[in-house]
Structure formats: C-alpha cells, structure tokens
Amino acid sequence: MTVETAKETRGFESEVNQLLHLVINSLYSNREIFLRELISNASDAADKLRFAALTDDALYEGDTELKITVDYSDKLKTVTVRDNGIGMSRDEAVEHLGTIAKSGTKEFFGSLSGDAQQDSQLIGQFGVGFYAAYIVADKVTVTSRRAGLQEDEGVRWESDGKGEFTVETVKRKKRGTEVVLHLKDDEAEFADGYRLRSIIKRYSDHIATLIEMPKEGEDTSGYESVNSATALWTRNKKDISDDEYKAFYKHIAHDFEDPTSWIHTKAEGKLEYTTVFFIPARAPFDLFDRDAKHGVKLYVQRVFIMDDADQLLPNYLRFVRGIVDSNDLPLNVSREILQHNKAIDSIRAASTKKILGAIETLAKGDEYSAFWTNFGRVLKEGVVEDAANQEQIAKLLRFVSTVSDGDEADVSIEDYIGRMRDGQESIYYLTAETLSTARNSPHLEIFREKDIEVLLLCDPVDEWVTTHLTEFDGKPLKSILHGELDLPGEQSTDDADDAGSSDPKQHEALVEKIKTALGETVKDVRSTARLTTSPACLVSDDADMSANLARILKASGQELPDSKRILEVNPTHPLVGRMDGETDERKFANWAQLLFEQALLAEGGRLDDPAAFVKRMNDMLLEMSEA
Ligand code: ADP
C-alpha cells in the first residue's frame, strides 16, 4: 500500500461551500464566536484523547497534561489555537475539514431562504464549528498529528475558504492540532491579548481543560491559565451563574441561542451521578430526521465517554441537551453495555421525571407556547412511548379546540375538563388532515349548537396519541367521527329519528332506500341528529380505523384493506326531504351517490372517481334547470 504524502489540492464538498458562504455572510455580528468554536473543538479533542488513553496509555506519549493554548501575533496578524488532544491523521483532516458528516445536511441547505438575518438564526441551530474561523480569517492553516502516529505522519491542511484546500504530509513532533488564523485586514483587532482573554472568559470559562495564554504584565515570559478548568457540573449549583450555564450549553449543544431552561441534579446514595439538562429555545433542524443523532453526552467519573448517548433519555425527549456523569459505570462502557444496564435504566427513569417536571414548570409560564411550537409534536410521542408517565405527559399537551381563537394550540386537557357541560362524560375530539378541514367539518354542527367543546387534532401523530390515550382523569376520549353520538342530555341517535316534525317511519323507509341504492359503497346508512345544516356525513364504526389514519398510512406506502364507512343522513335537511319524493329510481340512485360523495369531500377525503362525480352532478343540475 502506498500512502499519499505529496501536497494535493482538493475541492470542498458543495455543502461546505454553502456553509462557508452562510457563516461569513450571516454571522458577522457574532464574529467573536470563532474562538469559542475552535476552543470547543480543542476541548473535545482533549476529551477524546483521555477516553482513548483509557485502553492505550501509550497515546499520551509521556505528556499527560492536556491543555489548550491560545496565542497571537499582532505583527503577523494571526491567532493560534493549539491543543495536545487526539489530533487528526491526513485522511481525517480531509474528511472532517472538507465534508459535513451530519445527516440531513442537503435538506437543511435546501430549506434556507437566502435572507441573511433569517438564515443566521437557522445556521445557529445547525452549528458551524470549525468553519466559524472564516468569519475573521482569510486563510486558515491547520497542522496536526493523530496520537499514536509517527512523527513523519503529521498533516498540514490549508485553505482560504474559497472552494478548495490543500493537504500535505509533514513532520510534526507534537501530538494534537494547531489552528492558525490569518486574520482579515479589518479583523486585526483580534490579535490582542486583552481582547482574546475577555472572549475566553465570556464563552469558554467553563471548559474543563486548561486554557492558557501568554503572560501579561511585567513578566511576559511563558504562559498562564486563563480559565477555571473545572467541569461545570462538579461545582456547587449556587456558585454557578446563569451566564456560565448558558455558555456551557452553547459548548455542548453547538447552539448560538440561550437555552430556555436547565436542571442541574446531583444524585447521591445507591447510585452516584450528576446530570445537567437543557431545554433549547429552538428545535434543531434534524429533530424529525430518523438518522440524526440524538442524546446527551456521557461522562464516567469526569472522563468524557461518548456523545449522543441515546440510552440516557427516552426518544421523545430527544430535543434535550446535556451531560450525565456517572460514578457507577465502568470506564470502558460501550453503547451495547448501555442498552442493558440497570444503572442506566435508573438514571433514565429519574432524569425523565426531572425533565417532565421542568417542562411542567415551563407550562405555567408565558414561554410555554414557544416551547410547544418547537417541541410539542415530539413530546406527544411520549404518550405512546412512555406508558409509565402517560398521565403526566398528557397534562403537558396543548391542542386547538373549537373554543380557540386562532391556530395556536392553547387548550390543555385540564382546561377542557374545566369547561365540560353538565352531564358531559367524554372528552370529544376530531382528527383531520388540516385545521380548516377540522373546523368546517359537518360533524361539529351539533356540538356547536349545544355549545360543547371539541378538540381539533391535525398532527399525524395525534392518531397514535388518541389510540394510546383513551382516557384522562377517568373521562374517556371519544372521537366524534366514530360510532354513535352520545351527547349529554341526549338520547342515542337510534332514537333521534324524530328530529324535526316529520314522521320517523318515513325516515326509516328513506334510509333503507338510500342503503339499497348505495349497496356495497357503505357499511350502513342511518339517520342522525348530529347534523344541523349539512345533509349527510360519514362516520366510522367504533372498532374501525379513522379515515384520517387510513390516509396517513396509505401515504406512507402501507397496504390497507378498504374499510367501509357509515353514512349518516340528516332527515330534516331540505335536500334529503326532496329525495323522499323522488320516484325515478335512476335519479334517486344518483342523489344517494352524491350524498355519499359530498360527505366524503367535506371531510377532506378523496373520491375514487372524481370525474364520475362531476358528470353526475352536472347531469343533475341540467335536469333540475330543465325541469
Ligand atoms: P463538530 O465539532 O460539530 O463536529 P467541526 O466542523 O467543528 O464540527 O469539526 C469537524 C470535525 O473536525 C470534528 O468533529 C473533529 O473530528 C475534527 N476536528 C476539528 N477540530 C479538531 C481538533 N482541534 N482536534 C481534533 N479534531 C478536530
């Protein structure tokens, strides 16, 4: 095997070019953060070396004092961030600094608007890392050697950030990475000790690895430490300022915005561990990406073990960021071990409770509506996923209902129960593809008339929520699209044929005639008191899947047996009254078919044969205008 050592020029992956362009253009007002990002990478590199050295002590090469050095030269207009962490091989430099490894990256860039202000918010959610260097630098030189490689296996990577970079193999005695920023002419102000120290204090003080800078003052020989270099979570809660928590969050979450809230817990007793969890202000771009990595950072006795440890929290809390530091796990813990570990199970159960408690607190304040907009859909999954905490999660859910003013989900189940009518036993809901379909559903007519609130559920996940959350506080949740109606102070629809003044026997005969005309199209036809202004609607049998769920499953490619619906007709509607007098069998059959089709359209359903529907309707309109 020949190993490439010569200098070569390569192109960035196209997403890197997009990212660079965006970073340079939209993060200018945040430009100090370049240092935070580079120090964050250096600290990760130190963490990775400590972890790798657990099983291979030789990687330390006799130098166990891990540190990050920030240097500068006002003459050369450079800022340098150096670490003696894990380092990079030539291949790693090409891969890590020339491509973006996150899943969903293409989709993310496709979704950007081109508006710098708007996109800078989104880029914050994406995280910019190393490329932040190009906000202030017009050339970046990275020299590195991976721990464990030979001295002549170092790498130099260099780029002006304009589409290409060079890599070559170089001699490098020191393990670890050095990043030299050649500052743009108008960014020379950053080559200043005071400026750099104040940025480090502001953004990187919590970094657990020592950060040092050239000494200042009388004796300027050598370096001195400029951060406190203790892991934030090991400190006493009351000694940690909000700003420190926020800076820590930005480091671990690669976020630009402050978190909404955080919880810092120390467990002592049978299990000893510390957790710090943050609820971000905004959903990451890949929250619903199946391949995206989620989870929190795992430490064992202060040693970083892994990122994205998804066993530590349930999947429906995947938006939570943070760290877990355990004293009970072995240092050589692997993802496989995490899956069957009693300590992990207890940490997860306790952490889930803590986080749900924090969300409950949030729910009492004004910030909850933003939280819900960002994470509500994910939290709903918890109703399905986490039977043990279902009731607590259900309390946190927010819905749009028939009493909501706008489209914002602002109704909790407890609010709903507080407004239930005398004698009302069920919590009524309706699922639909869109809110406007839900709002205009004929099924709501009787509820409007009787002033009974109905929850309007339009998220696909709501179909699963309602199959798992069948009651709350002893009150059943009932779909108004299923089965017979049973409203307070009302007899069941079987006895409701006497709506209006007309003859119930006559209704029965009409219903039978419609049933015969529709034949196999429907499961049944019955008269209803559900409707006041519409002539007909479709309902499903109690045991049948809702039409909305069937639509969702079909759209996701699943084969489903056709389940037939029940047509309910409003005997008091003039159109239905007219049908009663129709003696021409062919015409009657057309009426009946139209009744079925319009009921299907009204609930947002799709007709099997729309062209036949149009023709049927036109024929009838013609006949009527000729009559
Ligand atoms: P992120 O840190 O979010 O993964 P970056 O763009 O900042 O993204 O860095 C990309 C990758 O480059 C890192 O994941 C890491 O593998 C590598 N890298 C960056 N800086 C260093 C460093 N100082 N030492 C070792 N590897 C580094």
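Biologist: What stands opposite S527?
Modeller: In this predicted model, S527 faces V569 in β22.

Biologist: In which sense do β20 and β22 pair, parallel or antiparallel?
Modeller: Parallel, over four bridges. Strand β22 covers residues 566-569.

Biologist: What is the strand order in that sheet?
Modeller: The order is β20-β22-β21. The sheet is open, has three strands and shows mixed pairing.

Biologist: Why is one side of β20 left without a neighbour?
Modeller: β20 (524-527) stands at an edge and has a single partner strand, so one side has no neighbour in the sheet. The same goes for β21 (536-539).

Biologist: And how many degrees is the twist?
Modeller: From one strand to the next, the twist averages 25 degrees.

Biologist: Which helix lies across β20 and β22?
Modeller: That is α16, residues 504-518. Helix α16 runs at about 155 degrees to β20. Helix α19 (585-602) also packs on the sheet, touching β21 and β22. The direction of α19 makes about 65 degrees with that of β21.

Biologist: Switching to the ligand. Which residues surround it?
Modeller: Among them are N41, K48, D83, H96, F130 and T177. By class, the shell has five nonpolar, five polar and two charged residues.

Biologist: Where are the ligand's oxygen contacts?
Modeller: A ligand oxygen is 2.7 Å from an N or O atom in the N41 side chain. A ligand oxygen is also 2.7 Å from a polar backbone atom of F130.

Biologist: What about a ligand nitrogen?
Modeller: One is 3.2 Å from an N or O atom in the side chain of T177.

Biologist: How much of the ligand does the protein cover?
Modeller: 79% of the 530 Å² of accessible area that the ligand has on its own.

Biologist: Which element gives the most to the shell?
Modeller: α2, with four residues.

How values were computed:
Residues numbered from 1 in each chain as written. Predicted model: local features only at pLDDT ≥ 70, side-chain atom pairs only at ≥ 80, totals over all residues. Heavy atoms only, no water. Pairing = 2+ DSSP bridges. Helix = DSSP H or I, 4+ residues; strand = E, 2+ residues; numbered from the N terminus. Axes fitted to C-alpha atoms, helices over the stretch in contact; angles between N-to-C directions. Contact = heavy atoms within 4.5 Å. Near = heavy atom within 4 Å. Polar contact = N/O pair within 3.5 Å; in protein donor to acceptor, adjacent residues only side chain to side chain. Areas by Shrake-Rupley, 256 points an atom, 1.4 Å probe, with all protein chains shown as cover. Nonpolar A, V, L, I, M, F, W, Y, C, P; charged D, E, K, R; others polar.
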